[in-house]
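Colleague: Before I plan anything at the bench, could you take me carefully through one part of this model, beginning with the cysteines and going on to whatever surrounds them?

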Amino acid sequence: MPSSSPAMKKRSNAKRAVSLYIHIPFCESKCPYCSFYSTAMAPGKVENFLGALEAEIDLLKAAHKVLPDVRTTYIGGGTPTVLGPSHWVRLIDILEKGFRFLPGNEVSVEANPGSISRELISLWKEWRVTRVSVGVQSLRDEDLFLLGRSHDAGRSAEAMKIVTEAGFSLSADLLFGLPGQDIRGWHESLKGVIGAGADHVSVYQLALDPGTPWGDRPPAGLAEGYPLYRWAQYYLEKKGYRQYEIASFAKAGKWCRHNVVYWLGGDFLGLGPSAWSCNGFERSRNVIDLDEYCSITGRGELPVCFSEILEGDVLVSERAILALRTRWGIRSRKFSALFGAGSLDTIMQRLEEIPSHLLKRSRGGVYLSREGMRVGNSIWQMLLP
Ligand code: SF4
């Protein structure tokens, strides 16, 4: 059984550096397709959140005596840029007091074109930020209007410009499968973010998650995602962006090291409401409500609402699926050292019927071809226990 393998025991006892995620739980307004936790700003709420974040770090320190060092950092949400400069000064202070950042730390911040400002850019420049991920979504005003976004394409162009002028690595998020979207419009957005100097592009298909307004009542005229995704793969690769994960393309050496940690089964510590953490094979989640988060930490308790030990077939399938999302795929030697040769055999048997134009096999392991990435969801089904 994987849970009793020597590597697993060794892994769970060792002191390791982690990847740190901070969830900023505020947005200007709620987008109709979004299932991430966020709430509206209101007087005093940001101060309460920052106080609770500091308390969460102190509680973790008290529980574990010493906090792990940080090797990558990601400040996401929500919308980190709705916090003004003075709140950012406080946030930075809290993080600097709480953690030791290892040299070469990659620090990413998510930015909304509607709220990014030169003041924030200056602060980030003085601090440790290395990458800014701008939520462009589309460079067509009609798409942005439909999505209910507060910014227009001109504002996105301006946001990307101030990010690159400041010398940050620019990542741009784009959405495809939008109502009425065609290849021409999609190409315009891809070309626009490349022209703006993005060295990393993430392309996400519009998801219709249950519980969101669009999940419950999908808008009319949704575009078929497959040809748009195929075009992104073709065009971005032609322009020198390597696809290193199902939704992620980067110029050489510019992939997001923080996200790679999630896909390759590394340890991460998530702080803030709704944030997930994974320590070895223990996964946990914080409460998904800001007021609850503040009141639990205020009582001196860790705000964890869920935790589980990942083991057995569930763990093995999950790690196989995550690895196959990436261009590195499942590396046989590493996989069997972690989970045992029998687990690797089980996964390989489940993948046996996948044709070679979708799944590439080499002596080192298996990985999805470009075509395979287009049908990833059907491949995951075959890997489920
Ligand atoms: S701005 Fe981003 S996090 Fe906020 S509601 Fe919209 S999609 Fe969700």
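Modeller: This is a predicted model, and if a disulfide is taken as two cysteine sulfur atoms within 2.5 Å, the count comes to 0 disulfides. Cys278 illustrates this, since the nearest cysteine sulfur to its own belongs to Cys305 and lies 15 Å away. With a relative accessibility of 5%, Cys278 falls under the 20% limit and therefore counts as buried. Cys27 is also under that limit, at 13%, so it too counts as buried.

Cys27 brings us to the ligand, whose surroundings include three cysteines by name, Cys27, Cys31 and Cys34, together with Ser29, Lys30, Tyr33, Gly78, Thr79 and Arg149. Sorted by kind, the residues of this shell divide into 4 nonpolar, 3 polar and 2 charged. Gly78 deserves a second look, as the peptide bond that joins Gly77 to Gly78 is cis, with omega about 25°. Gly78 itself is found in the loop between β4 and α3.

From that loop we can pass to helix α3, which covers residues 85–98; its 14 residues should span 20 Å at 1.5 Å a residue, and the C-alpha atoms at its ends are 20 Å apart, so the expected and modelled spans agree. Its buried residues are His87, Trp88, Leu91, Ile92, Ile94, Leu95 and Gly98. These buried residues cover an arc of only 160° around the axis, and therefore sit on the same side of α3. In general, an α-helix has 3.6 residues a turn, so residues three or four places apart point the same way. The other side of α3 carries the exposed residues Ser86 and Lys97. The partners against which the buried residues of α3 pack are β1 (18–24), α2 (45–64), β4 (70–77), β5 (101–111) and α4 (118–126).

His87 shows some of this packing residue by residue. It belongs to helix α3, and its relative accessibility of 18% is under the 20% limit, so His87 counts as buried. When neighbours within four places in sequence are left aside, His87 is in contact with Val46, Glu47 and Leu50. The C-alpha atoms of His87 and Val46 are separated by 7.6 Å, although the two residues are 41 apart along the chain.

The loop between α2 and β4 holds Lys65, which has a positive phi of about 65° although it is not a glycine. Lys65 has a relative accessible area of 71% and is therefore exposed. Ser274 offers a useful counterpart, for it is not a glycine either and has a positive phi of about 75°. Ser274 lies in the loop between β11 (268–271) and β12 (276–279), and at 6% relative accessibility it counts as buried.

Terms used
Residues numbered from 1 in each chain as written. Predicted model: local features only at pLDDT ≥ 70, side-chain atom pairs only at ≥ 80, totals over all residues. Heavy atoms only, no water. Buried < 20%, exposed > 50% of the residue type's maximum accessible area, 1.4 Å probe, protein only. Near = heavy atom within 4 Å. Nonpolar A, V, L, I, M, F, W, Y, C, P; charged D, E, K, R; others polar. Helix = DSSP H or I, 4+ residues; strand = E, 2+ residues; numbered from the N terminus. Expected span 1.5 Å × (residues − 1). Arc of directions from axis to C-beta. Contact = heavy atoms within 4.5 Å.
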